[in-house]
2 protein chains.
Amino acid sequence: MALTAKGLATRQRIIEGTSAHLRSDVPGTVTLDDIRAITGTSKGQLFHYFPGGKEELLLAVARFEADRVISDQQPHLGALTSWAAWTRWRNAIVARYRAQGPSCPLGTLMDQVGATPGAAEVAAALLARWQGMIRAGIAAMQAEDLVDPALDADRAAAAFIAGIQGGVQILRSTGESTHLEAVVDLLIEHLRATRDGAGGR
Amino acid sequence: MALTAKGLATRQRIIEGTSAHLRSDVPGTVTLDDIRAITGTSKGQLFHYFPGGKEELLLAVARFEADRVISDQQPHLGALTSWAAWTRWRNAIVARYRAQGPSCPLGTLMDQVGATPGAAEVAAALLARWQGMIRAGIAAMQAEDLVDPALDADRAAAAFIAGIQGGVQILRSTGESTHLEAVVDLLIEHLRATRDGAGGR
DNA sequence: GATTTTCTGGACTTGAGGGTCCAAAAAATG
DNA sequence: CATTTTTTGGACCCTCAAGTCCAGAAAATC
C-alpha cells in the first residue's frame, strides 16, 4: 500500500481532526462515527488508512498528542538554566493545563486504549522524554552551582513528572489547579533549598 | 422500598463481589454480565437494588473502594507525629500500590463513571479527606517544632496528594514504583529541610 | 488512452451490553 | 393462613458502535 500525496493528506486530516475533537468539549469517548463526522470521511477511508481499526487510529492520534505535550512547554522546558526559566516553565504548565480544563486529549485517549501494549509504550516514551528534559535542566543548574550537585537529578526529575501528572489528573476532575501549583512549587523550592539553606523562599 | 436483611445482604454481596473482581486481574472494563457471573445474581436483582442501573451500582462500589484507600493507610496516616511515622506511612503506601500492581480498582471505576457528577463528588470527597489527614500530620509536626511553622500545611498536603496520585498513575501503566517513591521521598525531605537546614537528608 | 492502483462512499453484518418486563418463589405482616 | 411485599430468575428488546464488503470515482503508470 503506497500512499499518494492525496492519501497522506487524508490520513493526516483524520489524525488532526480527531485530535481537535478531543481538545474541545465533552469527549469522554470517541466513536468512529464521531471521527467520520468531524473529518468528513467514510468508514472505508478509516479502515483503509488504519487497517488495525480504532486502536491503530487512536494510537496514531496519541502519538500526535504526545508530541504536543512536549512542544507546548517549549521553549521553556528546553532551557531550564536559571531560576527565572524554571518559573516561566512552571507558569507555562499551569496556564496550559488550566486552559485545557477537564478535557485532556491524551488522558481521554489513554482511558480508551489504556490496556493495549501500544498505549503503554506511547506513554512510557513521552514520560521518559519529558523526564529527560527536566533532568537536563537540573543538571544545568548543578553545573552552574545553583543546585546542590549531590542531588540525584534523575530522581528529582521523576518526582516532577509524578507531581505534574497527579496535579493534572486532579485538575481534570475538580477544575482546580491548586494541587498542580502546590506540587510544582514545592519541588522547585526544594531544589533551591538544597543550595540556599533552609527556608530559602 | 424497604430492604429486608436478606435484601441488604444481597446488595452488599453485589458491591463486594464487584470490588473483588476489580481487584484481581485484567478488568479494564466491567459489564453487568460480569457482575452477574461473579456475584451469582440475576439482571432483575441488579436493577432491583440499583434502580439507577450500572452508574449507580458502580458509584456504590467506588464509595466502598474509596474507604479502602484510606483504611489501607492506617494506622500510619492517622498518626503522622514523628519522622519515623512518616517513613512507615511512606512504606505502607509504596507497598500497597506495588502489591496492587496495574489493576487499581478505583482508577478503573473512575475511567468508567468518570464523566458523571457523582463520580467527581466521590473523588473530591476522598481527596479532601486524604489531604486533611496529611495536613493534620504536618500540623502535628509543626506543633512539636519538627517542621517550620511558617510552612503552609494545606499547600504541602495538596502537593503530597498530587504526587501520590501521579506516582500511582505511572506505577499503574509502567509497573515501576520509582516515580511514586521519588516524589514522596522528596516531599518528605522538603518538610525536614525547612527545619534542619539545607541538605537535611 | 488503456490499465492498474489507490481512494472514497455507504450499505450491511455482527456482537456486545444495558435496560425492561413479568411471573414465580420467598418473606414478612396481621 | 390469607394477603401483601420483597426477592429472584431469566427471556426479551433495543441501541450503539466496530468492522466488512464491494462498487464506483479518481489518480497514477506505461
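Salt bridges number 18 over all chains of this structure, which is a predicted model. Three of them are described below, followed by helix α4 of chain A, a residue of helix α1 of chain A, and a helix pair in chain B.

**Salt bridge E65(A)–R23(A)**

- E65(A) and R23(A) form a salt bridge through their side chains, with an N to O distance of 2.6 Å.
- Because E65(A) belongs to helix α4 (residues 53-71) of chain A and R23(A) to helix α1 (residues 5-23) of chain A, the pair ties together parts that are 42 residues apart in sequence.
- E65(A) is buried, at a relative accessible area of 2%, whereas R23(A) is partly exposed, at 29%.

**Salt bridge R129(A)–D67(A)**

- A salt bridge also joins R129(A) to D67(A), and their closest N and O atoms are 3.3 Å apart.
- R129(A) sits in helix α7 (residues 117-143) of chain A and D67(A) in helix α4 of chain A; this pair links distant parts of the chain, 62 residues apart.
- Both partners count as partly exposed: R129(A) has a relative accessibility of 41%, and D67(A) has one of 43%.

**Salt bridge R90(A)–E181(A) and its network**

- R90(A) pairs with E181(A) in a salt bridge whose closest N and O atoms are 3.2 Å apart.
- R90(A) is part of helix α5 (residues 83-100) of chain A and E181(A) is part of helix α9 (residues 178-196) of chain A, so the bridge ties together parts that are 91 residues apart in sequence.
- R90(A) is buried, with a relative accessible area of 14%, and E181(A) is buried as well, with 16%.
- Through shared salt-bridge partners, R90(A) and E181(A) belong to one network with R98(A), D185(A) and R155(B).

**Helix α4 of chain A**

- The 19 residues of α4(A) reach 28 Å from the first C-alpha to the last, close to the 27 Å expected at 1.5 Å a residue.
- Its buried residues include G53(A), L57(A), L58(A), L59(A), A60(A), V61(A) and A62(A).
- Further along α4(A), E65(A), A66(A), V69(A) and I70(A) are buried too.
- The buried residues of α4(A) pack against six helices of chain A, namely α1, α2 (32-39), α3 (43-49), α5, α6 (105-113) and α7.

**T18(A) in helix α1 of chain A**

- T18(A) lies in helix α1 of chain A and is buried, with a relative accessible area of 1%.
- Leaving aside residues up to four places away in sequence, T18(A) touches I35(A), T39(A) and V61(A).
- Of these, V61(A) is one of the buried residues of α4(A).

**Helices α1 and α2 of chain B**

- Two packed helices are described by the angle between their axes and the distance between the axes.
- In chain B, the axes of helix α1 (residues 5-23) and helix α2 (residues 32-39) come within 9 Å and cross at roughly 105°.
- Since angles of 65 to 115 degrees count as roughly perpendicular, α1(B) and α2(B) are roughly perpendicular to each other.
- On the α1(B) side the contact is made by R13(B), I14(B), G17(B), T18(B) and H21(B).
- On the α2(B) side the contact is made by D34(B), I35(B), I38(B) and T39(B).
- By residue class, the contact of α1(B) with α2(B) consists of 3 nonpolar, 4 polar and 2 charged residues.

Conventions: Residues numbered from 1 in each chain as written. Chains lettered and ligands numbered in written order. Predicted model: local features only at pLDDT ≥ 70, side-chain atom pairs only at ≥ 80, totals over all residues. Heavy atoms only, no water. Salt bridge = Lys/Arg side-chain N within 4 Å of Asp/Glu carboxyl O. Helix = DSSP H or I, 4+ residues; strand = E, 2+ residues; numbered from the N terminus. Buried < 20%, exposed > 50% of the residue type's maximum accessible area, 1.4 Å probe, protein only. Axes fitted to C-alpha atoms, helices over the stretch in contact; angles between N-to-C directions. Parallel < 35°, antiparallel > 145°, perpendicular 65-115°, else oblique. Contact = heavy atoms within 4.5 Å. Nonpolar A, V, L, I, M, F, W, Y, C, P; charged D, E, K, R; others polar. Expected span 1.5 Å × (residues − 1).
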